[in-house]
Amino acid sequence: MAPGTERMARAFDDLADEYDDAYHDEVARALVGWSAPTGTEAVADVACGTGAVALAVVAAGGGGGVPVLAVDLSAGMVAAGRARAERAGVGGAIDWRVAPAVPLPVADGSLDVILCASSLHFLGTPALADWRRALRPGGRVGCTLPVASTFQPRGVYAELVASDLPLPETAENGRQLADHAGFTDTAARLLDVGSRRVVLIRGRTPA
Ligand SMILES: C[S@@+](CC[C@H](N)C(=O)[O-])C[C@H]1O[C@@H](n2cnc3c(N)ncnc32)[C@H](O)[C@@H]1O
């Protein structure tokens, strides 16, 4: 593993046992509602952590055709996610991988929907180009980013934020990010969860 990658994995391994909370589940449910994967689509949860998004996809009846692909660098986060899915009785519905999310370990044009909650700001802009590669023509992307003025990462997590991706302040900033990355039919909206505000962003690959 590259040194930066190893540091990222270690930082999130350290958080894994106490990571789950209502905030991440609420953001995940909102993202899944906003992106609306159907029961037959091939879906990936990118930088899945403990799988809040993958679990929300399964709960909403999406990803029924094939297991939801859930990829994260942190073995600790993935182990916590697996345990959570087993407890919920949906262990077989998610294909967990401990791996870098950029590039995604999938063939070109093989996914219908890519979802990524609370993580794009760690992955940086190369992830956006990779999502266009991995999605089929007309495939959909949905992601969330923290709003710049309410984002207060601390310690090592602040140091791990990618420097090449300006955080949005408004929904329009978020929409433009997807637009500039080459997605079409782009849209964005704000979501407030307690004192935190995020932008939900969606788009399609050109058909
Ligand atoms: C704030 S957590 C979000 C987790 C989850 N998506 C959620 O909504 O709860 C960020 C996650 O990104 C993962 N991550 C960061 N960089 C990554 C990379 N290059 N490849 C895969 N996972 C990465 C971390 O390990 C961590 O689990």
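The following exchange asks how terms are assigned in this predicted model.

Biologist: On what footing do the statements rest, given that this is a predicted model?

Modeller: Local features need pLDDT of at least 70 and side-chain atom pairs count only at pLDDT 80 or more, while totals for chains, interfaces and linings use all residues. Residues are numbered from 1 along each chain as its sequence is written.

Biologist: Why is glycine 91 called partly exposed?

Modeller: A residue is buried if 20 or more other C-beta atoms lie within 10 Å of its own, exposed if 12 or fewer, and partly exposed in between, with C-beta atoms placed from the backbone. Glycine 91 has 14 other C-beta atoms within 10 Å and is therefore partly exposed. Its place is in the loop between α4 and β3.

Biologist: What is glycine 91 in contact with, leaving aside its neighbours within four places in sequence?

Modeller: Two residues are in contact if their C-beta atoms, placed from the backbone, lie within 7 Å. With those neighbours left aside, glycine 91 is in contact with Ala85 and Glu86. Leucine 55 is 36 residues from glycine 91 in sequence and 9.7 Å from it in space, C-alpha to C-alpha.

Biologist: What makes α3 a mostly covered helix?

Modeller: Helices (H or I, at least four residues) and strands (E, at least two) are DSSP runs, numbered from the N terminus. In α3, 7 of the 8 residues are buried, namely Ala52, Val53, Ala54, Leu55, Ala56, Val57 and Val58. Their cover includes α2, β1, β2, α4 (75-87), β3 and β4. Glycine 61, with a positive phi near 85°, follows α3.

Biologist: How do you know that the buried residues of α6 are on the same side of the helix?

Modeller: In α6 (residues 126-134), the buried residues are Ala127, Leu128, Trp131 and Ala134. They cover an arc of only 125° around the axis, so they are on the same side of α6. The arc is that of the directions from the helix axis to the C-beta atoms. These buried residues pack against β4 (111-116), α5 and β5 (135-146).

Biologist: At what angle does α6 run to β5?

Modeller: Helix α6 lies across β4 and β5, and runs at about 150° to β5. Axes are lines fitted to C-alpha atoms, for helices over the stretch in contact, and angles run from 0 to 180 degrees between N-to-C directions. Helix α8 (residues 171-180) lies across β5, β6 and β7 (196-204), at about 145° to β6.

Biologist: Why are both faces of β1 called covered?

Modeller: Strand β1 (residues 43-46) has Val43 and Asp45 on one side and Ala44 and Val46 on the other, and all are buried.

Biologist: How do you know that β1 pairs with β4 and with β2?

Modeller: Two strands pair if DSSP finds at least two bridges between them. β1 and β4 have 3 bridges, in the parallel sense, and 3 bridges also join β1 to the parallel strand β2 (residues 68-72). Alanine 44 has isoleucine 114 of β4 as its bridge partner. On the β2 side, aspartate 45 has alanine 70 as its bridge partner, and valine 46 stands opposite valine 71.

Biologist: What makes β3 and β6 edge strands of the sheet?

Modeller: The open sheet has 7 strands in the order β3-β2-β1-β4-β5-β7-β6, with mixed pairing. β3 (94-98) and β6 (184-193) each have a single partner strand, so one side of each is left without a neighbour in the sheet. From one strand to the next, the twist averages 15°.

Biologist: What makes the backbone at alanine 36, aspartate 185 and proline 103 worth a remark?

Modeller: Most residues other than glycine have a negative phi, and most peptide bonds are trans. Alanine 36, however, has a positive phi of about 50°, and so does aspartate 185. The bond from valine 102 to proline 103 is cis, with omega near 0°. Alanine 36 is in the loop between α2 and β1, aspartate 185 is in strand β6, and proline 103 is in the loop between β3 and β4. With 13 other C-beta atoms within 10 Å, alanine 36 is partly exposed; with 14, aspartate 185 is also partly exposed.

Biologist: Which residues are closest to the ligand, and how many surround it?

Modeller: There are 21 residues around the ligand, the closest being Phe12, Ala47, Gly49, Ala101 and Ala117. A residue is near a molecule or strand if its C-beta atom, placed from the backbone, lies within 6 Å of it. Helices α1 (3-15), α2 (22-35), α3 (52-59) and α5 (120-123) each supply at least two residues of this shell.
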